[in-house]
Structures are given as C-alpha cells and as structure tokens.
Amino acid sequence: MGSNMKSLLRPLMAVALLSLLGFCNAEDPYRFYTWNITYGDISPLGAKQKGILINGKFPGPPIESVTNDNLIVNVFNNLDEPFLLTWNGLQQRRSSWQDGVQGTNCPIPPGKNYTYALQVKDQIGTFFYFPSLDMHRAAGAFGTIKIDSRPLIPVPFPPPAGEYHILAGDWFTKSHNDLQGILDSGGNLPFPDGLLINGRGSDSFTFTVDQGKTYRFRICNVGLTTSINFRIHGHKLVVVEAEGTHTLQNTYDSLDVHLGQSYSILLTANQDPKDYYLVASTRFTSKVLTATSILRYQNLKQPVSGPPPPGPTTETDWSLNQARAIRQNLTASGPRPNPQGSYHYGEVNITRTIILQNSAPIVNGKQRFAVNSVSFLPADTPLKLADHFDIPGVYALGSIKDSPGGSPVSLQTSVMAADFRAFVEVVFQNPENTLQSWHLDGQFFFVVGMNPGQWSAGSRSLYNLRDGVSRSTVQVYPESWTAIYMPLDNVGMWNVRSANWARQYLGQQFYLRVYSNSSSLRDENPIPNNALLCGRALGHKSETALETEQQWELIV
C-alpha cells in the first residue's frame, strides 16, 4: 500500500484504535472547535494595545456543552512565542495530559497546533479558559465555558427566560511583555488601570430583559490581581451555582467574586421598566475601580441616570459572612440524578492534614512569592512527561513539606506526593494583610471553614461538616485561614496555585502528584498520541503512538 494511502487511512485507524481502547464513547456527543491564536489591536480602556485574540475575538469564543460532552479544540498558534490554554475548573478526569499548564503540557510552538481532547465528565456549571504561560493572560485569550445538565436531570429552578455571561476583571494598559518585564526585574505589578466587563470598559454593553421574567447571569472573575463585587441597581441577586455546585438559593444585594471564581445568579426583572446600572467594582483596594453596563427593560420609559450604586469596599466581615452562607443545596441533583448531599464528606476519615502558608519574600533583591518557604521554579520539561518517561533530575518528590517550618526560602520545582483515593484536609494559612485566592486543578473540594487568626486543631470545632460548598477556587481573607476537605480521586500531576497571576508567576504554586501504582485505564488515560514533546522528553515516544504504529503495520 502506498504512503499516500497510509497517510489518508492513519487518522481513521487512530479513531478505530481509540474506540477499541474505550476512549471514544458513542453515547457522549462530540463538539469540535478550531481556534486561531493571533495578535491584534484592542482598546478596552480607550488606548490601543496589543491583545491576544482567538479567531479574531476578544474575549475568545464561548464553549457551550452538556455534561459528559467531548470537546475537541484544535489550537493553532500564530504568535511569535509559545502558547498554552488551560481550562479553569474542568476536572480533566483521568487526564492531566489535557490540563494545559506548564507542568503538564509542552507549549504549542509558534506556527504549530495542538488538539486538546477534553471531556466534561460528571460536571455542570460555569467555568472559563485562559492562557497559562507567562503573562499572556494580561493580553486576552480568555472565554466562558458553560456545562448544562443533561436532559431529564432535574435542575433546582425553572428554566430562565435567557442567559448572559459576565467576564469581569481588572485590566492593565501595559502590554503583557511589559508586565512580565516588571516581574522579571524583581518588582510587583502596579495598580490596575481599570475594570472590564466582557472585554470592554464602562457602558459598552446592554443586557436586555422583559419585565416579569427571570434571567441567569454566569459571572467569572478573569482578572489578574483583584477581587470584585457584582451588583445590579435595584435588583436582588439569587445565587444558584458556584463552580459546578447548586447552592442554597440565598438572596443578596451584591456578590463578591474573588480571583478565578465563578457563580450563577438569577435576576427577576420586577422593577419599573427603565435602564439600571450593572456594576463591577474592586474589593479590598485603597482606590476603588468601577466598570458599568446597562440592564435595559424592553419598552423602557426612562434611561439610566445618576451615579452607579456604591458597593462594599474594604469590609472583610461582610464578605466573610457571605462566603460562609454560600453552601451546598443537599437535595438538588448535580450532574447525576442523585442528590448532591448523598456524599457525606463530613463522615469520611481524614488520612492526612496539609497546611499551606503563603509568603512574599525578597530573594536576591527581587520580589518572590512562596508556599511553605518554597518559591516555585518551572522546569525545562513538563513534570507529567518527566514522570511518565521516568526522566531523572526534573523534580524531586517531597521538595515542599506538608506544613510551614520557618526555614529560609528556597527556589525549587516543588512537587508534593499524594496517594490516589486519599481524603485530605488542607488548611490555607494567610499571615499577610492581603486577600489570597487559591485554585486546584483536577480536583474538587469542600469548603469546611474560614476564620480570622491562626488555625489550630481546635479550629475544627468551627467546621461545617454537612453542606460546605464544593468548588475548585477558594479565598483566604487577610490574616485568616480557610480549611477544605478534598477527596483525591483523580490521578495525575495537578497544579495548586495562587489565582493572583503575579504571585503565581513569581512562585506561589506547586504541583500535587496524585499517584496510583496501578496501570489500569480506570485510573488514568494513557499519554495522548499527539502529545507534544519538549525539553528532556525529546526523543521519547509515547506508548500509544508505538502501539498505533504496530497495529497499523499488522493491517497494512
């Protein structure tokens, strides 16, 4: 058989082999995306600057899916620098190969492409994607991810009349290269220049509603450094979902959304038909930045007038009390028909306690950030590939301890070992006077407690062991602690990081290696056939690729 015919048949063979191995599920639909990553001029705050666009769009195109859908995203990198996308909140069940961070994936080289194969397995809710390398996130290429429930799975509120997505966050007019240069030279980022709502400054968007109807707003904080408060003048916000968990339907005048977090709220258009301000403003900052859009009633009688309604600014107690009240709806179905409360996390025995303390040291005259006295240094080879190919010298297990020890700060490629199916207690201790926001890839956790001061064993008496919200990003208030319970039920190499992107870039992150000594496909998918290789992994070839070639040779 000729080489041209082999080239034509090889993709079909790959699909057939994947089907035989159980990686393609005929019951779960596929959605295909082709994304071209380019530079382009944007002017979100009025001044022209270089942005990173997806298919010419800023923000990028939305991903709309249903539980268990397979998402095939072919990303073409037309930049002059390497590029990666990560999927904030998607659990990547059995497949940290697709996580899209520097510790799991080789960057997509300029002029090349990579096809992500994602499955939103057993998930619902509101999430977002963003570029994970360097300071690309400061230039755009972020967008929304929506996962709807499957038909016949009950949702604990009537279908809304419509849905709107809100991507809100702080913004800098300096380029991502300039911001990275500031950090590389030992400085910290300046105060943001403004806030954006869906990639624009104030009064650039209008959200139209019909009187008497209810609408769902999916809100994500995609900023770099700042918590925000979200509100709509004259209207109540009913919180119904937090990062894939149906919540108790509490009603608020406004909602704090911290870095990396996502929520859904319901708004009923029950006021006089006119224009109202939709507002996002910074929290816990000395100077308050504000961005506004318009909520417009059909057949309005009166345009918006006066200043936007003020919101909370530096009040910590108000925010802490709101956070404690956002709890899991135990009777609601999640992605499966069984109630969310059927998993009694408070009755599971804790196998390990991990205390993670952030710090902001100066190392060799430069600003760094650290976890348990270790400031992360990226390796020359993705940790997941080093693990898979058994490449020595890339990282060392145990390079970050389970608790802060007061030792001098070191710069290392920090990886913490963890056992598959362990059930751990993690305490985030924040001795600094700034709010922290932490994100864990590949895992979900239950928020069981948060309080001012120093955590101790006695703090467990304050835990919520019944209906703590399950999510993947959590805040830690200044000079306070937050505790979570986490089932480690997803094998892989997972990034634990500050959602403050400057702190993450300068070392406030590490990787959690969740390990199983089984090679069963029930525990972890094999390395993808199209995995990019780089660093010390160059020259290695995946078992999947070799097996595909061997099967091919048998046929031809």
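In helix α3, which spans residues 316-325 of this predicted model, the buried residues are Ser 319, Leu 320, Gln 322 and Ala 323. Viewed down the axis of α3, these buried residues fall within an arc of 165 degrees, so they line one face of the helix. The cover over the buried residues of α3 includes four strands, namely β16 (251-252), β17 (254-257), β31 (445-452) and β33 (473-476).

A second helix can be described in the same terms. In α2, which covers residues 176-184, the buried residues are His 176, Leu 179, Gln 180 and Leu 183. Seen along the axis of α2, they fall within an arc of 100 degrees, so they too line one face of the helix. An α-helix has 3.6 residues a turn, so residues three or four places apart point the same way. The buried residues of α2 pack against the strands β1 (30-42) and β2 (49-54) and against the helix α5 (501-505). After α2 comes Gly 186, whose phi is positive, near 105 degrees.

Strand β33, already met as part of the cover of α3, also belongs to an open sheet of 6 strands, in which the order is β26-β28-β36-β35-β30-β33 and the pairing is mixed. Its edge strands are β26 (396-397) and β33, each of which pairs on one side only. Within this sheet, β35 (residues 492-498) and β36 (residues 509-515) pair in the antiparallel sense over 6 bridges, and Asn 495 stands opposite Tyr 511 in β36.

Strand β36 also takes part in the lining of an internal cavity. The count of cavities of 30 Å³ or more comes to 6, and the table sets out the largest and the second largest of them.

| Cavity | Volume | Lining by class |
|---|---|---|
| Largest | about 80 Å³ | 7 nonpolar, 2 polar and no charged residues |
| Second largest | about 60 Å³ | 10 nonpolar, no polar and no charged residues |

The largest cavity is lined by Trp 97, Thr 104, Asn 105, Cys 106 and Tyr 114, together with Leu 385, Pro 528, Ala 531 and Leu 532. Around the second largest cavity the lining consists of Ile 354, Leu 356, Met 416, Val 426, Phe 428, Leu 440, Met 486, Val 496, Phe 510 and Leu 512. To this second lining β21 (352-359), β29 (423-430) and β36 each supply at least two residues.

Two individual residues complete the account. Ile 355 lies in strand β21, and, once its neighbours within four places in sequence are left aside, Ile 355 is in contact with Asn 372, Asp 402, Ser 403, Pro 404, Val 427, Gln 429 and Trp 455. Between Ile 355 and Trp 87 the separation is 268 residues in sequence and 26 Å in space, taken from C-alpha to C-alpha.

Gln 123, by contrast, lies in a loop, the one between β6 (113-119) and β7 (125-131). Its relative accessible area is 5%, and because buried means under 20%, Gln 123 counts as buried. Leaving aside neighbours within four places in sequence, the residues in contact with Gln 123 are Thr 67, Gly 89, Leu 90, Gln 91, Ile 147 and Pro 335.

Definitions and conventions
Residues numbered from 1 in each chain as written. Predicted model: local features only at pLDDT ≥ 70, side-chain atom pairs only at ≥ 80, totals over all residues. Heavy atoms only, no water. Buried < 20%, exposed > 50% of the residue type's maximum accessible area, 1.4 Å probe, protein only. Arc of directions from axis to C-beta. Contact = heavy atoms within 4.5 Å. Pairing = 2+ DSSP bridges. 1 Å grid on protein atoms, 1.4 Å probe; cavity = no way out; pocket = protein on both sides within 12 Å on 5 of 7 lines; lining within 4 Å. Points joined across faces, edges and corners; volume = space filled by probe spheres on them. Nonpolar A, V, L, I, M, F, W, Y, C, P; charged D, E, K, R; others polar.
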